[in-house]
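Hi everyone, thanks for coming. I'd like to walk you through one model today, so let's put it up on the screen.

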Amino acid sequence: MSEPIQVGDLVAVIVSCHPPAFGSFFVVGGFEHGSVSNCIFCGKEHLGPFARAEDHFGPERQFFTAPLSWLKRIPPLAELEGQRTEETIREPA
């Protein structure tokens, strides 16, 4: 199982209410524990907790936040080293 998301982690947005945010990556700079927040792109309300991007986004230099449920942690390469996966290699038909 993956480690929980922490400050400094690289994350990918795998769910979004706003298509341009889907598939984007950012480094987590902090957390906001409010229960509701509005999307900076479309204004839609979402439930928290939220991860805040490390840097500002957009022309108004707002912090980008995303509900933790939208994010997938990208583990550092050093964390992946030593992990073995077993795959069955099949002969081509």
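Let me fix one term before we start: buried means under 20% relative accessible area, exposed means over 50%, and partly exposed is in between, using a 1.4 Å probe and protein chains only. This is a predicted model, where local features need pLDDT of at least 70, side-chain atom pairs count only at pLDDT 80 or more, and totals for chains, interfaces and linings use all residues. Residues are numbered from 1 along each chain as its sequence is written, and side-chain values use heavy atoms, with hydrogens and water left out.

Let's begin with I14. Its relative accessible area is 42%, so I14 counts as partly exposed. You'll find I14 in the loop between β1 (10-13) and β2 (25-32); strands here are DSSP E runs of at least two residues, numbered from the N terminus.

Now, what does β1 pair with? Pairing takes at least two DSSP bridges between two strands. β1 runs antiparallel to β2, with three bridges, and antiparallel to β7 (residues 71-74), with four bridges. Look at A12: its bridge partner in β2 is F25, while in β7 A12 stands opposite K72.

On to another loop, the one between β4 (45-47) and β5 (50-57), where P49 is found. The peptide bond from G48 to P49 is cis, with omega near 10°.

P49 also turns up around A66. Leaving aside neighbours within four places in sequence, A66 is in contact (heavy atoms within 4.5 Å) with F26, P49, F50, A51 and L71.

That's my tour, thanks for listening!
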